[in-house]
Each structure stands twice: as C-alpha cells, then as structure tokens.
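Q: Could you take me through one part of this model in some detail? I would like to see how a local piece of it fits into the whole chain.

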Amino acid sequence: MKKYRWTTHKIVRETADSLSIYFDTGEQPISFLPGQYLNLRCVIDETLVIRSYSFSSQPADAFPSITIKCVAGGKMSNYLWSHAEQIDLWEIDGPFGTFYLDQAVAQKRQVVLLAGGSGISPLYSMLKSSTAQSVVPLLIYANKSPEETIFLEALENLVAAGKLAAHYAFSAPDFSAVDSRYTAGRFSKTALSSLLDQQQAHLSDAHYYLCGPVGLIDLYVSVLRSLGVSPENIHTEFFDSTAIPKTPAVISDDGIVKDVLVHYMDDTYFNDELHTYQCTSLIEVSGGQSLLEAMQNHNIKVPSSCKNGTCGVCWAVKTDGEVHMVNNHTLTERDIAEGIVLLCQSYPMNQEVSISLG
Ligand SMILES: Cc1cc2nc3c(=O)[nH]c(=O)nc-3n(C[C@H](O)[C@H](O)[C@H](O)COP(=O)(O)OP(=O)(O)OC[C@H]3O[C@@H](n4cnc5c(N)ncnc54)[C@H](O)[C@@H]3O)c2cc1C
Ligand code: FES
C-alpha cells in the first residue's frame, strides 16, 4: 500500500450523472486486484475530503480508472462531476479491500455478479480480468433505465462475444421489456430466484459478488441464502459506509500507559513559504485508547473517515512492537504481513511500538 500522485489520462462521461477518470500513473504504476479500491483526496471549499472509489479498470490496463456516480447533495461526487477536467494532480492511496475476484475460484466455479448502479465498477474490473475458460460469468444488473446504465454498451459487446451472460432490470415506469434478458420494474425475491434458476447458475458452488445500493444488496443476499448458497460464497461490497454496521472497538483497559514512537511528516509556513519536515514524537497512549485517538490528542495530523475499520484512510506502517487490531474490513493478509495497521482500530500491546505514517 502506498501514496501516489497521478495526472489525468482522460475523462469519460459515461451517463448523464456518472464519469470515469483514467489516470496516467507516470513513474508510479500500481498493482491491485480486480475488485479493490483506492482512496482519493481533494481539497473542496478549503476542506480535505477523502472518498473511496473502486477500480473499474483491470489490473493489466495501462491507465487505471475509477467510475463515479453523483450522489444527491454529495460533496466529492458532484465536485468531480463539475471539476474533473480542471484537476491536474490526483492524490491517491491504495490499493485497499478484501473484495476481489480470486482467479483460482473463477477458473473452476461459476461466477455470478450482482450489481446495481455504480456498483458495477468493481464487478466490471473483475469481468474484464477474469481468465475463466470453462464457465461464462453471469451478470445481473439493476438500474433505472438503459440510458442510466454504466458500461451497458461494453457489457453488451462482451455478451455478443460469448464472454458474458447478462440480465438487466430497469425500474423506470415507462420502460417495457422487449427482450427476455430484461425485467421491467424492480427485482422481487420471486423474480430473482427464478432468474437465477433459468440462467442455470450452478447455485450451490458458484461464487457471488454483490455491489450496489444497500437495499438491493440485502435483497440479493436474502435470495441467495433462501436458495441455500453458503455465506462463504457470497462476497459483498458496500459503497455507503454509513450503512455498514459499526462494531465498537472494545478493548480492555489494562491501566498501563504505553509509549509509542511515531514518525511522520509535518509542514509549517516560514517566511511565507511552506516547509515540510520529517518528525519523530514519543507519545503516550493510555489504556483503552486507540492509536488514532492518541495521535490526534498529540496534534499529529492523521486523516480518518469511517472509524470502523472499513475505509482504510487511517492506514500506517507498524515498524516495531505489537498492536492489537480490533476490526479490519479492508486490509488483506499480505497488507498485514507487511506491517500495515488501521490506526482507528489499533491498540499498543507493549512499550516497543513504533509507527510510521505514510
Ligand atoms: C469501498 C468503497 C468503494 C466505493 N466505490 C465507489 C465507486 O466505484 N463509484 C462510486 O460512485 N462510489 C463509490 N463509493 C462511494 C464513494 O466513496 C462516496 O461515498 C460517494 O461518491 C459519495 O460521496 P460524496 O462525497 O459525493 O457524498 P457525501 O457528501 O459523503 O454524502 C452525501 C449523502 O449521501 C449519502 N451517501 C454517501 N455515499 C452514498 C452512496 N454510495 N449511495 C447512496 N448514498 C450515499 C450519505 O449518507 C450522505 O447522506 C465507494 C465507497 C466505498 C466504501
Ligand atoms: S478511519 Fe476508516 S479504517 Fe480507520
């Protein structure tokens, strides 16, 4: 996991309220898994705003891309919609996420992708990168209308090439289904169950990847569970982190204050010029206090967002000592083996802890 500064390769307006940003990575290429996401930082109205966006490109593409759909009243999505062309430099962290396509699984099992709206983004990355030979992936994708359906034309090209089976639902009241691959109206439990049956998904051992609005994901999960699909075969990604149940980070207070060494960069104005310094501070972390809380109490600037171990914004590298991470919904085993921790969920366990902020 790293920080990147990329320029723009191109901006593509996908629909009337969604766009894709293709990045030119220059000397800083990234390696990610299909389904993972990055965190993007922008200063909007003098405030730092950080949001997560899934890669819509596949790892092998020369120009990684993300695809953003405007959210009503949303800060970042609407800012990007109106300013993307004017932004010269993109500040990015990543890659993050445990929601990714396992190629070994895709080789042997039916892969079923269940999407709604901008939830197609990580699933499109999975589709393009899938090396499955034996079973064609199945996509079930809900939107308001064909005009509002992101990547519709590209998906239909994959269908025409025999690389994908796709079924769409369109909820706009004036939409009437002219093709057996279309459902008019919202999916119901019954319609979805019979659709999965008709499409001959090998239900019991297929792997299901779900991404879209919370209500739709809940519907997809309940249909799959009622069809007997095991929870281990159902993989979900929620885009609205406010919808993710927050499990409080509960850790017993042993009453011992731990000293933690923190390495970080700070900046200050001197003679009207901004200077950046490398700093090291020894901070005290009281029992039951997370590293994030302790650092913020010591005025060390650490960005954070969800505070429930989901977004990855507060990542840092543990270079020494032992910490206990309570919740982790985003770091892979490889990230953890490399010493990466989520500060909002991490508690020092001994006096030797040393943390380096990226
Ligand atoms: C792992 C992950 C991957 C993501 N990938 C993508 C992606 O590929 N494409 C994409 O367009 N978005 C994606 N998102 C959502 C994205 O991070 C932002 O939440 C979204 O762009 C809205 O941000 P905003 O600043 O415009 O809205 P905010 O100002 O943060 O929110 C405004 C209002 O909208 C609600 N809201 C926030 N997000 C959503 C949402 N997604 N759907 C409905 N209501 C919402 C909030 O509760 C709030 O009431 C992803 C989120 C996560 C956690
Ligand atoms: S603030 Fe989101 S993981 Fe820590």
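**A hairpin and its place in the chain**

A: Happy to. Let's begin with the pairing of β3, residues 37–44, and β4, residues 47–54: these two strands run antiparallel and are joined over 8 bridges. Keep in mind that this is a predicted model. Within the pair, Val 43 has Leu 48 of β4 as its bridge partner. The two strands make a hairpin with 2 residues between them, and in the turn Asp 45 shows a positive phi of about 50°. In a regular strand, side chains alternate between the two faces of the sheet.

Now for the wider setting. The chain is split into domain 1 (2–96), domain 2 (103–243) and domain 3 (258–356). Between domain 1 and domain 3, the C-alpha centres are 25 Å apart, and 5 residues of domain 1 make contact with 6 residues of domain 3. This brings us back to the hairpin: on the side of domain 1 that touches domain 3, β4 contributes the most, with 3 residues. That side of domain 1 consists of 3 nonpolar and 2 polar residues, with no charged ones.

Stepping back once more, the chain contains 8 helices and 19 strands. Its radius of gyration is 22 Å, which agrees with the value near 21 Å for a compact globule of 358 residues. Along the principal axes, the C-alpha atoms fill a box of roughly 65 × 45 × 35 Å. Of the 358 residues, 38% are buried. Among contacts with a separation of 6 or more, 67% are between residues 24 or more positions apart.

Technical notes:
Residues numbered from 1 in each chain as written. Chains lettered and ligands numbered in written order. Predicted model: local features only at pLDDT ≥ 70, side-chain atom pairs only at ≥ 80, totals over all residues. Helix = DSSP H or I, 4+ residues; strand = E, 2+ residues; numbered from the N terminus. Rg over C-alpha atoms; globule rule 2.2 N^0.38 Å. Buried ≥ 20, exposed ≤ 12 C-beta atoms within 10 Å, placed from the backbone. Contact = placed C-beta atoms within 7 Å. Pairing = 2+ DSSP bridges. Domains from an automatic or database assignment. Nonpolar A, V, L, I, M, F, W, Y, C, P; charged D, E, K, R; others polar.
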